[in-house]
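Visitor: Please show me how disulfides, strand pairing and helix packing are to be read in a model of this kind.

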Amino acid sequence: MNLKSLALTIFILSISSSALAIYSQSNTLEFSENLQDFSLIHYEPPANNPTGENPDGDIVDGGERGGENEDICPTSIALIPIVRSDGVWELTTLSHPRFFFVISNLPEGIQTAEFVLRDADTEDLNPDVYRVEVALPDRPGIIQVELPETEDYALKINRTYRWYLKMSCLPGEESRPSSTSVNGVIFRVNPGDYPDNQIWYDLLNKRAEQLMSDLNNPGFRESWNQLLIDGNLNAIDINESDSEVDLIDATEFELLPCCVPISESP
């Protein structure tokens, strides 16, 4: 190879190396931009309470916990931020939001749960918007309850609704609890009434939808876990009335494709 040919070869290799470096940098930037699609929007509690009251509720099941009751009663935890002192309520802009619960303890033989959604603002004798019995999974995890996608079950804007999840305990002595339940309030607002990072149910539904689309996606998993951490749901004391602390971390539970309705009303 003469000097002219050698110089040409070196020039070509130099151009190829530069092109490869640019391509590699482009791919890195594209990957970073894709990660930005999963960027974490941190939840912040709304600055004002639109419900007009401080609605009470139970985020952790209301039955007696600990000891022998763990053998007969399931433990349920609503995925609601434990960050506020003005009641158990959160916002949504969705007409048909899904509701999420951690079932951290599921005794063998407990197969169903009842979900109830009531219009808290109505004066009707029957305030139930939706009542459904759902089949529970065969293992602990995070379950989700959906509203039927029809206008009859759509949440109305600027209205307060109370939800319940109830589960029976296994038969036992009369002194033992017969059931457990969690309950709280959801209030639907117009888009734009509150910043996006203050609308818990919208964030929760979106993150769940992403995660269920690809359970092995680390970006989706990180986004989901971070939202639960924002709501202090990574350190839930299920023995809140006892001196002994028993913490549950919601990020350690699998999001399950559950639950199948068994019977519905009205």
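The dialogue below takes these features in turn.

Guide: This is a predicted model, in which local features need pLDDT of at least 70 and side-chain atom pairs count only at pLDDT 80 or more, while totals for chains, interfaces and linings use all residues. Residues are numbered from 1 along each chain as its sequence is written, and side-chain values use heavy atoms, with hydrogens and water left out.

Visitor: How many disulfides does the structure hold?

Guide: A disulfide is a pair of cysteine sulfur atoms within 2.5 Å. The structure holds two, and their pattern is 1-2, 3-4 when bonded cysteines are counted along the protein chain.

Visitor: Which parts does the pair of Cys 73 and Cys 169 tie together?

Guide: Helices (H or I, at least four residues) and strands (E, at least two) are DSSP runs, numbered from the N terminus. The sulfur atoms of Cys 73 and Cys 169 are 2.1 Å apart, and the link is right-handed, with 110° about the S-S bond. Cys 73 lies in the loop between helix 1 (3-37) and strand 1 (75-78), and Cys 169 in the loop between strand 7 (160-168) and strand 8 (179-188), so the disulfide joins parts that are 96 residues apart in sequence.

Visitor: Are the cysteines Cys 258 and Cys 259 buried or exposed?

Guide: Buried means under 20% relative accessible area, exposed over 50%, and partly exposed in between (1.4 Å probe, protein chains only). Cys 258 counts as buried because its relative accessibility is 10%, and Cys 259 is buried at 15%. Their sulfur atoms are 1.7 Å apart, and this link is right-handed, with 85° about the S-S bond. Cys 73 and Cys 169 are both buried.

Visitor: Which residues stand opposite Val 116 in strand 5 and strand 7?

Guide: Two strands pair if DSSP finds at least two bridges between them. Strand 4 (residues 112-119) runs antiparallel to strand 5 (residues 128-135), with seven bridges, and pairs with strand 7 in the antiparallel sense over six. The bridge partner of Val 116 in strand 5 is Arg 131, and in strand 7 Val 116 stands opposite Tyr 164.

Visitor: At what angle do helix 2 and helix 3 pack?

Guide: Axes are lines fitted to C-alpha atoms, for helices over the stretch in contact (heavy atoms within 4.5 Å), and angles run from 0 to 180 degrees between N-to-C directions. Helix 2 (residues 200-213) and helix 3 (residues 218-230) pack at about 150°, with axes 9 Å apart. Angles under 35 degrees count as roughly parallel, over 145 as roughly antiparallel, 65 to 115 as roughly perpendicular and the rest as oblique; helix 2 and helix 3 are therefore roughly antiparallel.
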